[in-house]
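Got the viewer open? Here's a short walk through a few spots to click on.

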Amino acid sequence: MTQDSQHGKWTISSSDDDDEDLPLSGTTTSKPHRAAVSSHSSHLSASPPSPKLGPVTATVEVKPEPANTPVSSLVIGSEARQLAAMNQLNPVKYESSPSLAGKRKKEVSDSPGWALSDSDDDDDDDDDDDGDVKGKSLSNLPKRAPPSPKTKKPKVENERPPSPHGRLYYIDEPEDFFESSIPCLNDTYRFYLNKVTGLDRKYNSGALHIRDILSPLFGTLKESAQFNYCFDIAWMVKQFPSEFRDRPVLIVHGDKREAKARLVQQAQPFPHIRFCQAKLDIAFGTHHTKMMLLWYEEGFRVIILTSNLIRADWYQKTQGMWMSPMFPRLPKGSSESAGESPTFFKRDLLEYLAAYRAPELEEWIQRIKEHDLSETRVYLVGSTPGRYVGSDMERWGHLRLRKLLYDHTDPVAGEEKWPVIGQFSSIGSMGLDKTKWLKGEFQRTMTTLGKSSLRSDPPMHLVYPSVEDVRTSLEGYPAGGSLPYSIQTAQKQLWLHSFFHRWKANGTGRSHAMPHIKTYMRTSPDFTQLAWFLVTSANLSKAAWGALEKNNTQVMVRSYELGVLYVPAAFNMKTFPLHKNPFPASSSSGFPVPFDLPPTCYSPKDQPWIWNIPYSQAPDTHGNIWVPS
């Protein structure tokens, strides 16, 4: 079967390409797809992988390079950090790459071959949602393109490796990277981007690094809870200032079995760390929420963000966060309803935490009850795994967003021309055409404006990096390890790619810092006003947002997600004006959207980044090519 689109051509030679895809990990691959991919001028012939137990892998074999060609090995997965440490200390030559050891080899021909097994369930929608994908052991070898004789440089022993994932990965931050005094922040919206190394200094003014967030400038920390998807515990501990480094930390995670054992092992040197395992009772769900609960001597703070607790997420990617004000402690004897905000943030946060059904969170629930959250002006939009009926359908996921937009926004004149924009870093299965989930459910939610009965069909712009965006990024191709859109999913929904727009962020200086942030919004036709804005952990997937079942009488959500919704009425505005130049930080009333508006359409030559196929036609900014294995 051949499918064409203006964004590439994929040839699928499989008799069962419309079958449900195979599970992710711990399963035997008994009936793999066979695919031949044609992307620009490269042609990749395929052979099926050998059935094996354990994590499903994708194997790539390419024409051997000269023996002196260095290869940096980037392993994507929860075990990546241990393997990466070894690879950084002992870079391997391609011929002896451990990723190929012990696997059946094909004859090497002029055409590089690849074999991979499907790993997306048609209903699971996860690819999965974050770059450090768990359950998939996918080794990507960003291979160094051979230098021309004229440009070849003598090797310097202590030279930083060309791959951004090399031995000294972002250890040498600029001296002014961390704040020594309270940073100049725009407190109107309390929405901030992360700092990015390699940018003009002005673009980091008013942005926050994890060390800034945890610094004594924001409070005297007593204890914290860290909700996240990926953790590098040793690195996380180092981000706390020395005086807080032994304060108790509760890690809330979704790991099971071997992954959980590895996480616990990471924490062995740190007796102040405890764990809370989130229940994931529906297949293919993940604990994708990213939140910090920070308890200080002075009060309490909530941070809802988009970054994993790993080094790679905090330096050359675009991330976002909402940081609450310092919530003061309520007077003793205050009523249950005391300290509530006009947006019912306290009630909704307590409800979200209660959904974990975890004894380890009880003390945090009690602490929140004892604090005054009344200053909060955002609405909480969460997802928790389950099947919900009746009024519970509106508690989580996109139906929760729909209810908030119905209740708290107002119709605007000419709303059928107000586009909706979704921006994300991973994409799940949308179905055979746009009428299934994307338009049938998700766009219906995104186009809700107050109690308007108008069923408008405005433009929908989806912002997702192209291959060229990734190739020319600060990290080069390895940035694509955090953009896990798979060929198995992409080839089933070529119709989706006509919605795609490039990642361009000149206004925030982040055009070359690939997005791991996820944002959704509704803008005026001239892109000067916002009807609402959402920053969240939720990517474009049914697993994250939920999908209707049983003739729309039930909604099923697979994953934990969390975000905050900004609506103008909570800020005493009709609409949010857009801030064209958010850096350096100022007190402007304009909203700091992290990328440029209007979005830039893909050209006929552009292709969406797909992480598990090779890109060998052009080297990236570090001279590497991308060969998934």
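Where in the chain is K290 found? Select K290 and you land in the loop between β14 (273–277) and β15 (291–296); strands here (E, at least two residues) are DSSP runs, numbered from the N terminus.

A quick note before moving on: this is a predicted model, where local features need pLDDT of at least 70, side-chain atom pairs count only at pLDDT 80 or more, and totals for chains, interfaces and linings use all residues. Residues are numbered from 1 along each chain as its sequence is written, and side-chain values use heavy atoms, with hydrogens and water left out.

Stay on K290: with a relative accessible area of 0%, K290 is buried (under 20% relative accessible area, 1.4 Å probe, protein chains only). Now show H288, whose backbone oxygen is 2.8 Å from a polar atom of the K290 side chain.

Next, add K518, in strand β25 (residues 518–523). K518 is buried too, at 0%, and a polar atom of its side chain sits 2.6 Å from the backbone oxygen of H516.

Why pick these two lysines? UniProt's unreviewed entry lists K290 and K518 for "binding site". They span 229 residues in sequence, yet no two of their C-alpha atoms are more than 11.9 Å apart, so they gather at one spot. Bear in mind that such annotations may be inferred rather than shown by experiment.

Last stop: D596, in the loop between β30 (576–577) and β31 (624–628). The side chain of D596 reaches the backbone nitrogen of G507 at 3.0 Å. Measure to F527 as well: the C-alpha atoms of D596 and F527 are separated by 9.8 Å, though their positions lie 69 residues apart along the chain.

Conventions. Helices (H or I, at least four residues) and strands (E, at least two) are DSSP runs, numbered from the N terminus. Buried means under 20% relative accessible area, exposed over 50%, partly exposed in between (1.4 Å probe, protein chains only). A polar contact is a pair of N or O atoms within 3.5 Å; within protein, one must be able to donate a hydrogen and the other to accept it, and residues adjacent in sequence count only if both atoms are side-chain atoms.
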